[in-house]
Amino acid sequence: DAQESRGLGDVYKRQGLGNARPPGPALVQARNARVRHLPATTSGVTMELSDHLLMLERQLQQAEVRADRQALEALLADDFLEFGVSGGRWDKAQVLASLPQQVFIERRISEFAVQCLGADLAQVTYLCHNAAAPGRAASSAWRSSLWRCQEGRWQMLFHQGTPRPSA
């Protein structure tokens, strides 16, 4: 997958976000705030918007970000809601309380796509590949997120995971 092989550094450079090093937790909020408003249109998706939302999805998969309440606060909208692969339902407060406690599992994104739903609303879909962990086999799930831009900052509004049957 071409997007998979493209380094985050290329994305950051195109966004004017600095060097090729992935962001640490302290930089997540600052980088999201510095990115100028990237308008979504109903007629199409800009490469800049697609790259930015891919970067934000990848940040949410990083161990450092998942363990950092402030970084999660910046990435999730106050009215965030998730329907998980397990069938559970979580709001922002529940995610902030539980995610830092979870055992980290390496994840990889493929088949990433963006669809504009309005000027400040976009849906991303992708296949998430979870690495094996102690007591847990490798797995994959289809993921869908709604991202909303408010006050020049994109935040995840909704997320859903659907298990993908083993091949």
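Here is a friendly exchange about the fold, strands, helix and core of this predicted model.

Me: Glad to look at this one with you! In what order do the six strands of the open sheet come?
Reply: Happy to start there. The sheet is open and its pairing is mixed. Its neighbouring strands are turned by 15° against each other on average, direction ignored. Read across the sheet, the order is β2-β1-β6-β5-β4-β3.

Me: And which are the edge strands?
Reply: The order β2-β1-β6-β5-β4-β3 has β2 at one end and β3 at the other. Each of these two pairs on one side only. The edge strands are therefore β2 (89-91) and β3 (107-118).

Me: Let's follow β4 next. How many bridges join β3 to β4, and how many pair β4 with β5?
Reply: β3 and β4 form a hairpin with two residues between them, and these strands run antiparallel. Strand β4 (residues 121-130) also pairs in the antiparallel sense with β5 (residues 139-150). The counts are nine bridges for β3 to β4 and ten bridges for β4 with β5.

Me: Which residue is the bridge partner of Arg 108 in β4, and which is the partner of that residue in β5?
Reply: Nice one to trace in the viewer. Arg 108 has His 129 as its bridge partner in β4. From His 129, the next step into β5 leads to Ser 140. Another bridge into β5 takes Ala 122 to Trp 147. The names you asked for are His 129 and Ser 140.

Me: Is β4 largely enclosed or open, and how many of its residues are buried?
Reply: A residue counts as buried under 20% relative accessible area. By that cut-off, β4 is largely enclosed by the rest of the structure, because the buried residues number seven of ten.

Me: Which strands does helix α4 lie across, and at what angle does the helix run to β3?
Reply: Helix α4 covers residues 47-59. The helix has 13 residues and reaches 18 Å from its first C-alpha to its last, close to the 18 Å expected. It lies across β3, β4, β5 and β6 (153-163), and its angle to β3 is about 130°.

Me: Is Gln 59 of that helix buried or exposed?
Reply: Gln 59 lies in α4, a mostly covered helix with eleven of its 13 residues buried. Between Gln 59 and Ala 71, twelve residues apart in sequence, the C-alpha distance is 9.2 Å. Because the relative accessibility of Gln 59 is 1%, the residue counts as buried.

Me: Which element gives the most to the largest nonpolar core?
Reply: This core has 27 residues, and those with the most contacts inside it include Leu 53, Leu 56 and Trp 147. α4, α6 (69-75), β1, α7 (92-98), β3, β4, β5 and β6 each supply at least two residues. With five residues, the element that gives the most is α4.

Me: Last one! Why is the pair of Phe 83 and Phe 158 edge-to-face?
Reply: A search of the whole structure finds two aromatic pairs. In the pair of Phe 83 and Phe 158, the ring centres are 5.5 Å apart and the planes stand at 75°. Planes over 60 degrees apart count as edge-to-face, so the value that decides it is 75°.

Me: And how far apart in sequence are the parts that this pair ties together?
Reply: Phe 83 counts as partly exposed at 32% relative accessibility, whereas Phe 158 counts as buried at 19%. Phe 83 lies in strand β1 (residues 76-83) and Phe 158 in strand β6, so the parts tied together are apart in sequence by 75 residues.

Technical notes
Residues are numbered from 1 along each chain as its sequence is written. This is a predicted model: local features need pLDDT of at least 70, side-chain atom pairs count only at pLDDT 80 or more; totals for chains, interfaces and linings use all residues. Side-chain values use heavy atoms; hydrogens and water are left out. Helices (H or I, at least four residues) and strands (E, at least two) are DSSP runs, numbered from the N terminus. Axes are lines fitted to C-alpha atoms, for helices over the stretch in contact, and angles run from 0 to 180 degrees between N-to-C directions. Contact means heavy atoms within 4.5 Å. The expected span of a helix is 1.5 Å times one less than its number of residues. Buried means under 20% relative accessible area, exposed over 50%, partly exposed in between (1.4 Å probe, protein chains only). Rings of Phe, Tyr and Trp (its six-membered ring) pair if their centres lie within 6.5 Å; planes under 30 degrees apart count as stacked, over 60 as edge-to-face and the rest as tilted. A nonpolar core is a set of buried Ala, Val, Leu, Ile, Met, Phe, Trp, Tyr and Cys residues joined through side-chain atoms within 4.5 Å.
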